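Trainee: I should like to learn how to read the features of a protein model. May we work through one together?

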Amino acid sequence: MVNGGRTLILIPAFNEEAAIGTVVREARGHLPDLPVLVVDDGSADGTVAAARAAGARVLSLPCHLGLGGCVQAGYKLAFELGYEEVVRIDGDGQHDPQYIPQLLEALRRTGCEMAIGVRSGAAARGSTLARRIGIQCFRLLLRPILGRPVTDPTSGFVAVNRRALEVFARSFPLEYPEIETLVVLQRRRFRFVEIPVPARPRIAGQSTITPLRSVYYVVHVLLGVFVNILRLDARRAARRGREAA
């Protein structure tokens, strides 16, 4: 059961004119009671007009912030508006909105702070070799940090409850945020649950993560993970010091 008064569908978008209208219409078709918010990250094409024409509310950022900043702007607005849950899907059509109820059901049933849609099927298997290797490396890296395995650490098909929303509204990784958010959740003793969902090919356009950029992606994410660990450990040490004083 989906409660339209407490749940928001969030779609970050950057130059997705060719796909965003279809994505919004699909989301509204499957879940007509849920509001759809498209956060436009300074697109140079007709993304904003296409999203509005399809029935979405649009938050237009004044400049290009990157994926993390774009998603955080949506989380921050959702938190301030009082939403209890936010489901994020990509604007390129790879995430099928018909599986949103499964993510929300898992979120509520388990009491976890985040539900992750684990991409499966031919489209997921058809990703580039560099991406598959990168995901496998991240799985190995995250296993000891999280204390449990994670199947799809780079999935952007996620649902969060208000506890996670409050954290992410204040602080969120600015670039390639998916993996760092898992570390943030773990360090705060939050939990996540994974739900298999069939992935689809993107409707239009190409991924910004080219083979060369994959190297930058891996290095950037690794640095972000370790900085988050050190930062949160430092905060805990400072808190313990104040409590002992």
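The dialogue below takes up the overall fold, the cores, the helix packing and some single residues.

Trainee: What should I know about the model before I begin?

Mentor: This is a predicted model, in which local features need pLDDT of at least 70 and side-chain atom pairs count only at pLDDT 80 or more, while totals for chains, interfaces and linings use all residues. Residues are numbered from 1 along each chain as its sequence is written, and side-chain values use heavy atoms, with hydrogens and water left out.

Trainee: How many helices and strands are there in the chain?

Mentor: Helices (H or I, at least four residues) and strands (E, at least two) are DSSP runs, numbered from the N terminus. The chain has nine helices and seven strands.

Trainee: How is burial read, and what share of the residues is buried?

Mentor: A residue is buried under 20% relative accessible area, exposed over 50%, and partly exposed in between (1.4 Å probe, protein chains only). Of the 245 residues in the chain, 50% are buried. Helix α8, residues 177–187, is mostly covered, with eleven of its eleven residues buried. Among them are the charged side chains Glu178, Glu180 and Arg187, together with Ile179, Leu182 and Val183.

Trainee: What share of the contacts joins residues at least 24 apart?

Mentor: Contact means heavy atoms within 4.5 Å. Among contacts between residues at least 6 apart in sequence, 79% join residues at least 24 apart.

Trainee: Which residues touch the most other members of the largest nonpolar core?

Mentor: A nonpolar core is a set of buried Ala, Val, Leu, Ile, Met, Phe, Trp, Tyr and Cys residues joined through side-chain atoms within 4.5 Å. In the largest one, which has 37 residues, Tyr75, Val86, Met114, Val160, Phe168 and Leu182 touch the most other members. Another core, of 32 residues, lies apart from it and includes Ile11, Val58, Ala106 and Phe157.

Trainee: What does Val86 contact, beyond its neighbours within four places in sequence?

Mentor: Val86 is in contact with Leu8, Leu10, Tyr75, Ala78, Val158, Ala159, Val160 and Leu165 when those neighbours are left aside.

Trainee: Where is Phe157 placed, and is Phe157 buried or exposed?

Mentor: Phe157 sits in the loop between α6 (129–146) and β6 (158–161). With a relative accessible area of 1%, Phe157 is buried. Its contacts, neighbours within four places in sequence aside, include Ile89, His95, Tyr99, Leu103, Ile116 and Val197. The C-alpha atoms of Phe157 and Ile89 are separated by 5.0 Å, although the two residues are 68 apart along the chain.

Trainee: How do I read the packing of two helices, and at what angle do α3 and α7 cross?

Mentor: Axes are lines fitted to C-alpha atoms, for helices over the stretch in contact, and angles run from 0 to 180 degrees between N-to-C directions. The axes of α3 (residues 66–80) and α7 (residues 162–170) come within 8 Å and cross at roughly 125 degrees. Angles under 35 degrees count as roughly parallel, over 145 as roughly antiparallel, 65 to 115 as roughly perpendicular and the rest as oblique; α3 and α7 are therefore oblique to each other.

Trainee: Which residues of α3 and α7 meet?

Mentor: Gln72, Tyr75, Lys76, Ala78 and Phe79 of α3 meet Arg162, Leu165, Glu166, Phe168, Ala169 and Arg170 of α7. By class, this contact of α3 with α7 has six nonpolar, one polar and four charged residues. Ala, Val, Leu, Ile, Met, Phe, Trp, Tyr, Cys and Pro count as nonpolar, Asp, Glu, Lys and Arg as charged, and the others, Gly among them, as polar.

Trainee: How far apart are the axes of α7 and α8?

Mentor: The axes of α7 and α8 are 12 Å apart, and the helices pack at an angle of about 115 degrees. Ala164, Val167 and Phe168 of α7 make the contact with Thr181, Val184 and Leu185 of α8. That contact of α7 with α8 has five nonpolar, one polar and no charged residues.

Trainee: What is the sign of phi in Asn15 and in Arg189?

Mentor: Most residues other than glycine have a negative phi. Asn15, which is not a glycine, has a positive phi of about 55 degrees. Asn15 is found in the loop between β1 (7–13) and α1 (17–30), and at 34% relative accessibility counts as partly exposed. Arg189 also has a positive phi, near 65 degrees. Arg189 follows α8, in the loop between α8 and β7 (192–198), and is exposed, with a relative accessible area of 60%.
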